[in-house]
Amino acid sequence: MGDNVLRAIFRGKVYEFEEEKMKVRELLKRLNLSPESTLVVRDNEVLTEDELLKRGDEVRIISAISGGS
Amino acid sequence: MGYKCKLCPSKAVIYMRQHRLALCSGCYVQWFAKQTQRSISEMRMLRRDERVLVAVSGGKDSLSLWYVLSELGYDAEGLYIDLGISDLGYSERSKTYAMHLADKLMRPLHIVSVSKSVGKAIPELVRRSDRSPCSLCGLIKRYIMNRFAIEGGFDVLATGHNLDDEAATLLSNVLHWQVGYLARQSPILMERDGFVRRIKPFYRFTEKETALYALLNGIAYIEDECPYSVDATTIFLKGILNQLEERMPGTKLQFYNNFLAHARELFEREQAPKVQLRQCSICSMPTAECVCAFCRAIERVGGTFVGLNVVRYEPKQCGASSQSTKAAMTAEGDDNGEQCRLA
């Protein structure tokens, strides 16, 4: 795992960002995701929106939206 | 950086802006269970001596509901309806998650096969129908849930509908002024001849909150949306409501709660005298028509209802709970989620 990028995994796809640091809120905005319907997990820890992410971090984004009917 | 828990010195895992409340993982799990009990008590949904059937789809809401009801000490059994959707192994994978939780809770899971009950699985029924997939599937599921609950002697049927589901449905019903639906949209529908009591104990939780509860308790669930619901209107409406929520926290909760407090009864009062139930001439279940909507729909798509095909899955000891949090955290489809199979 490289230390030069911030990696976000969402629905099986990997997104890489070169910013030195970025808040969770900003990351979700960049991916056009709503903080109301997503959870962000880093190292088995769920993060709130104002948590700071940095290069070398790898986060998993979980969509909470489900639907039908 | 990051919020601190309002109840203890730990780091928060969620900040719920509508409640102005930040909680750590431990406090959140306790808060969630207390709020569930509060909804149950306030709406008089369920008594301790009643048997409750939880309709589980393999998703986060219904599995979390089964889990928390069991944690709260209720006599809860699961019902999984096998829709026979083979795209990406959707139904098989969903069923595995339901069975996995049955094992974890050591509670029985009843599995009803749609294809063995009506002669065709959902994909074929959808192909032959002019209704939207979600509408047809919803009709079939509601019928099966109610019928199985009645035949199984359950007092109550619980579903995992959350605030986002309810607010989106309410928005849709208001946009189209579906007066009949508005009269019946409630977290509790009391039992009457041929209908079991139906409850939605999660009606105050957002989807994010139920997903977090599942994650923190190591409840593995299917993250994929149903292949037929990807373009569903409900998902579009949920997106719009979340945009409103971002700008005006608490909108979804106010929208639905104020409907319950100030408007629903008016619609109910207007509708009540108009609906008189009788027995369906084909299946004997209650209906406002000669033939119930389920029998009409099944007949129209060339199916035949031969009675519910039910398999009772007995749980077996499997998977230590201390390991399962990590399993759910890492990924859906993790090998740990595949250990429990039919005996």
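A salt bridge here is a side-chain nitrogen of Lys or Arg within 4 Å of a carboxyl oxygen of Asp or Glu. The model is predicted, so local features need pLDDT of at least 70 and side-chain atom pairs count only at pLDDT 80 or more, while totals for chains, interfaces and linings use all residues. Residues are numbered from 1 along each chain as its sequence is written, chains are lettered from A and ligands numbered from 1 in the order in which they are written, and side-chain values use heavy atoms, with hydrogens and water left out.

**Exercise 1. Describe the interface of chain B and chain A.**

Step 1. Start with the salt bridges: the rule finds five across this interface. In one of them, B:Arg17 pairs with A:Glu36, and the closest N and O atoms are 3.2 Å apart.

Step 2. Look at which elements of chain B take part. Those giving two or more residues to the side that touches chain A are β1 (14–16), α2 (60–71), α9 (207–216), α10 (233–247) and α13 (321–330). Helices (H or I, at least four residues) and strands (E, at least two) are DSSP runs, numbered from the N terminus.

Step 3. Now count residues. Chain B brings 36 residues to the contact and chain A brings 27, where contact means heavy atoms within 4.5 Å.

Step 4. Finish with the area. About 2800 Å² is buried between the two chains, and carbon and sulfur atoms give 51% of it; this is the accessible area (1.4 Å probe) that two parts lose on being put together, summed over both.

**Exercise 2. Place A:Glu49 and B:Ala211, and list their neighbours.**

Step 1. A:Glu49 sits in the loop between β5 (45–47) and β6 (52–54) of chain A. Its relative accessible area is 15%, so A:Glu49 is buried (under 20%; exposed is over 50%, partly exposed in between, with a 1.4 Å probe and protein chains only).

Step 2. Leaving out residues up to four places away in sequence, A:Glu49 touches A:Lys23, A:Val24, A:Arg25, A:Pro35 and B:Lys208.

Step 3. B:Ala211 belongs to helix α9 of chain B and counts as buried because its relative accessibility is 0%.

Step 4. With residues up to four places away in sequence again left out, B:Ala211 touches A:Leu39, A:Ala64, B:Lys60 and B:Tyr221.

**Exercise 3. Find the packing partners of helix α11 of chain B.**

Step 1. Pick out the buried residues of α11(B); among them are B:Leu253, B:Tyr256, B:Phe259 and B:Phe267.

Step 2. Follow their contacts: the buried residues of α11(B) pack against α7 (163–175), α8 (179–184) and α10 of chain B.
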